[in-house]
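Dear colleague,

I am handing over the structure we spoke about, with the sequence alongside it. Please look it over first, and then read on for what was found.

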Amino acid sequence: MKHERFNYKNLDDIKNKAKELGVYLPFAETTSILKEKLFVSHGVNWENRMGIAPMEGADSLPNGAPSELTTRRYVREAIGGSSVIWFEAISIVKEGRSSAHQLMLTEENLEEYKEFTEKIKEAGRKANGFAPYLIMQANHSGRYSNPDGKPAPLIAYRHPEYEKLRKADDSCIVTDDYLKGLEESFGKAALLAKKAGFDSVDIKSCHGYLLAELSSAYNRPGEYGGSYENRTRVLKNGIAAAKVYEDSDFKVTARIGIYDGFAYPYGFGVKEGEGNVPNLEEPIRLIRELKENYQIDMVNLTMGNPYVSTHVTRPYDAGKYIPDEHPLFGIARMINGIGEVKKAVPEMIISASGPSYLRQYSDLLSAGAIEEGLCDHMLFGRMSFANPEFPKQIIETGRFDAKQVCVACGKCGDLIRAGKHTGCIVRDSATYLKYYREFQEENK
């Protein structure tokens with residue numbers, strides 16, 4: 001199918017296109033539900049149903065601490081009125097760092113993080129009367145590790161689709177002993193996150209990083225591959241290690257990729273013999289177990305791999321390749337897949353992902369998804385780069401400003417993959433256009 005750009009004049013045009021494609025998108029009539037508070041658990045109440053999705057800025061200091069540019073991004077988001085800021089991936093070990101500019105929290109830079117989180121919370125309190133809820137995303141980049149600015153992949157198993165773009169060999173496969181040690185590293189990361197002033201820590205398992213790759217390690221031998229129990233072992237043991245530090249003021253959560261976009265045996269959320277058609281039996285089982293066995297109250301669900309199956313993770317107008325599906329298929333797959341999990345585990349508070357392709361209509365999609373019980377809360381990633389004040393616009397006017405929305409051009413993705421300081425070159429060009437020009441010069 002030829003890729004189509006976003007040329008819709010109004011919401012009816014989008015609805016008609018969705019009907020033509022045979023996909024369902026849950027648009028609401030108004031955004032009023034997005035302004036409502038959300039009770040998450042005892043002691044955790046979010047001020048509205050809108051939040052910031054993790055978007056890496058590749059702008060840390062060499063020691064992993066936040067730079068002035070990092071602080072600028074998050075302070076702007078706090079002022080913008082989001083109830084939740086789900087932070088970008090923060091590495092828990094040096095070898096798992098995605099670049100020399102990825103955030104990394106350590107004992108040595110802990111004081112810098114304390115100042116960082118307090119500045120963000122104070123900005124929110126001053127602008128809106130509340131501090132946003134801050135979730136630290138603890139991550140190991142796995143095959144996307146570049147700790148010294150060059151590829152140093154650490155992989156769960158050999159993956160032919162991933163290795164088309166990024167080489168790896170058998171020497172890159174991590175040992176069971178390494179994975180066992182990593183479980184406790186997530187516990188240490190949780191303690192540091194708590195000391196640093198975050199309200200929660202996310203044990204991240206999505207987007208092709210190490211824990212997510214383990215979830216599809218059907219053919220890996222040993223105690224971390226093969227069976228469902230083995231493939232989810234590091235995630236669950238990492239959560240258990242983090243839960244030691246949980247109390248009324250600090251919670252443990254997870255960001256889970258429920259579908260990778262690849263057929264068995266190279267993707268999670270599929271079944272043998274069914275190709276790459278989503279089968280959410282295992283993801284539903286996982287979310288149910290996180291709720292019932294680990295007392296996790298909230299999760300964020302997502303799909304795909306932004307390096308390889310970008311159109312699954314965040315449908316776009318322009319990117320590295322032309323998908324064989326219309327972008328509305330991706331939007332529908334994401335929100336309805338998340339809805340399938342929510343309906344199966346209704347007691348779990350679920351933040352959904354990936355609406356920004358719909359521009360000024362992504363607010364009505366988000367409201368409709370919540371109204372129809374497909375999720376409880378929506379996180380916006382690319383939109384937060386383009387316009388961090390989108391929640392305030394909803395609260396004050398009821399709609400997004402069409403002149404400030406993300407245009408799904410994919411250029412922020414180019415910057416992060418290149419390890420450049422990342423933001424919106426369209427809406428924040430004074431800050432980020434120069435980095436994109438550097439990227440263009442280097443790739444002539």
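**Salt bridges and a strand with its neighbours**

E229 is partly exposed, its relative accessible area being 41%. Please bear in mind throughout that this is a predicted model.

E229 takes part in a salt bridge with R285, and the closest N and O atoms of the two are 2.7 Å apart. Because E229 belongs to helix α6 (residues 228–231) and R285 to helix α8 (residues 281–292), the pair ties together parts that are 56 residues apart in sequence. R285, like its partner, falls in the partly exposed class, with a relative accessible area of 33%.

Helix α8 also contributes E289 to a second contact, in which the side chains of K236 and E289 meet in a salt bridge at 2.5 Å, N to O. Since K236 sits in helix α7 (residues 233–243) while E289 sits in helix α8, this pair ties together parts that are 53 residues apart in sequence. Here both partners are on the buried side of the cut-off, which is under 20% relative accessible area: K236 has a relative accessibility of 10%, and E289 has a relative accessible area of 15%.

A further salt bridge joins the side chains of K291 and D297, with a distance of 3.1 Å from N to O, and D297 is partly exposed at a relative accessible area of 22%. Elsewhere, R143, R158, E163, D170 and E213 are linked to one another in a network of salt bridges. For the model as a whole, the count of salt bridges comes to 35.

The other part I would point you to is strand β10 (residues 377–380), in which H377 and L379 point one way whereas M378 and F380 point the other way, all of them being buried. In a regular strand, side chains alternate between the two faces of the sheet.

Which strands pair with β10? Strand β3 (residues 50–52) does so in the parallel sense over three bridges, and strand β9 (residues 349–352) does so, likewise in the parallel sense, over two bridges. M378 appears in both pairings, as the bridge partner of M50 and as the residue in β10 that A352 stands opposite. Between β9 and β10 the chain passes through helix α11 (residues 362–371), and the β-α-β crossover made in this way is right-handed.

With best regards

Definitions and conventions:
Residues numbered from 1 in each chain as written. Predicted model: local features only at pLDDT ≥ 70, side-chain atom pairs only at ≥ 80, totals over all residues. Heavy atoms only, no water. Salt bridge = Lys/Arg side-chain N within 4 Å of Asp/Glu carboxyl O. Helix = DSSP H or I, 4+ residues; strand = E, 2+ residues; numbered from the N terminus. Buried < 20%, exposed > 50% of the residue type's maximum accessible area, 1.4 Å probe, protein only. Pairing = 2+ DSSP bridges. Right-handed = clockwise from strand over helix to strand, strands pointing away.
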